[in-house]
Amino acid sequence: MLAIIGGSGLTKLPGLIIRHRQVVRTPYGEPSGALTFGELDRHPVIFLARHGYGHTIPPHLVNYRANIWALAAQSVTHVLSVATVGGIHPEMWPGQLAVPDQIIDYSHGRETTFANYDGKAVTHLDFTWPYCQVMRQRCMEALRLAGEDYLDGGTYGCVQGPRLETKAEIDRMARDGADMVGMTGMPEAYLARELDLCYAAIAVSVNWAAGRGDSGEAIAAEGIEAMLGQAMGRVRVVLATLARLCCEAAEGPSADPDGQQGG
Ligand code: HPA
């Protein structure tokens with residue numbers, strides 16, 4: 001079963017036929033909200049708004065562990081994160097979509113692991129390729145089928161937020177190799193790996209990062225709002241296609257092994 005974690009601009013999933021909502025309690029506290037069980041174009045999905053349904057939880061206060069744990073406790077095998085980002089790479093202009101394949105984590109002070117919570121020995125999981133390759137390919141197929149142009153790969157730099165960056169910080173991130181900047185990619189991706197969920201992200205550029213493109217002097221909030229509305233309409237079509245692909249893969253004779261990670 002596919003779960004979709006919606007970020008900024010996606011507190012509701014347009015077109016989702018809601019069957020029921022479920023409050024899930026976890027050993028890590030409250031998730032961002034009740035899980036919404038429904039159907040996208042007749043294909044079952046679970047939806048969770050990362051920032052809460054009223055968009056009240058800032059990126060550094062999202063309970064990533066509770067969110068991922070709550071999804072894993074259902075029959076979720078695959079997770080798609082819809083992640084709004086600022087564009088650093090010259091091709092990450094506002095409106096551009098990407099399926100990142102790498103992460104640099106600049107966040108701090110977040111609960112980053114389930115390990116040792118229950119006194120078990122600490123493990124060090126491989127995270128060379130932080131996104132599930134099976135899920136990445138499926139996202140790109142959904143993007144292709146929806147007629148969307150996208151970048152295959154790219155490095156997501158996860159900052160702490162909630163403030164936006166300085167130009168010098170973005171220049172440094174560019175030197176590090178970051179192609180886009182967002183605030184929520186970590187520890188979400190790693191926690192999904194810990195619980196064996198096949199996790200990938202569709203990144204939606206909603207502005208040029210600080211000091212890039214038309215953000216040379218400042219990042220205009222109105223521009224972000226307008227771009228969010230426009231881009232999320234397109235993403236919705238992609239998600240319906242992705243839900244279908246996930247169902248077909250789960251049902252088909254050549255079904256992908258659920259939760260398979262890949263390098
Ligand atoms: N910086 C960090 N996170 C973001 C941005 C940005 O410019 N745009 C959307 N999410």
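The legends below describe close-up views of a predicted model.

**View 1. Strand E3 and its two antiparallel neighbours, E2 and E4.**
Strand E3 spans residues 35–40, and five of its six residues are buried. Six bridges connect E3 to strand E2, residues 16–22, in an antiparallel arrangement. Within this pairing, Arg-21 has Thr-36 of E3 as its bridge partner. Strand E4, residues 43–49, also runs antiparallel to E3 and is joined to E3 by five bridges. Here Gly-38 is matched with Val-45 of E4. In a regular strand, side chains point alternately to the two faces of the sheet.

**View 2. The hairpin of E3 and E4.**
Two residues lie between the strands of this hairpin. Asp-41 adopts a positive phi near 45°.

**View 3. The disulfide of Cys-132 and Cys-198.**
The model has one disulfide. The sulfur atoms of Cys-132 and Cys-198 are 2.0 Å apart. The link is left-handed, with -50° about the S-S bond. The pair ties together distant parts of the chain, 66 residues apart. Cys-132 sits in the loop between strand E7 (102–105) and helix H2 (133–145), whereas Cys-198 belongs to strand E11, residues 198–208. Both Cys-132 and Cys-198 are buried.

**View 4. Cys-139 and Cys-246, with their closest cysteine sulfurs.**
For Cys-139, the closest cysteine sulfur is in Cys-246, at 7.6 Å, which is too far for a bond. Cys-139 has 0% relative accessibility and therefore counts as buried. For Cys-246, the closest cysteine sulfur is in Cys-247, at 7.4 Å; this too is too far for a bond, because a disulfide requires sulfur atoms within 2.5 Å. Cys-246 counts as buried at 9% relative accessibility.

**View 5. Helix H3 and its buried face.**
Helix H3 covers residues 167–176, and Ile-170, Asp-171 and Met-173 are buried in this helix. Seen down the axis of H3, the buried residues fall within an arc of 160°, so they line one face of the helix. Strand E9 (155–158) and strand E10 (180–182) are among the elements that cover these buried residues. On the face turned away from the buried side, Ala-168 and Arg-175 are exposed.

**View 6. Gly-177, just after H3.**
Gly-177 takes a positive phi of about 105°. The preceding helix, H3, comprises residues 167–176.

Key: Residues numbered from 1 in each chain as written. Predicted model: local features only at pLDDT ≥ 70, side-chain atom pairs only at ≥ 80, totals over all residues. Heavy atoms only, no water. Buried < 20%, exposed > 50% of the residue type's maximum accessible area, 1.4 Å probe, protein only. Helix = DSSP H or I, 4+ residues; strand = E, 2+ residues; numbered from the N terminus. Pairing = 2+ DSSP bridges. Arc of directions from axis to C-beta. Contact = heavy atoms within 4.5 Å.
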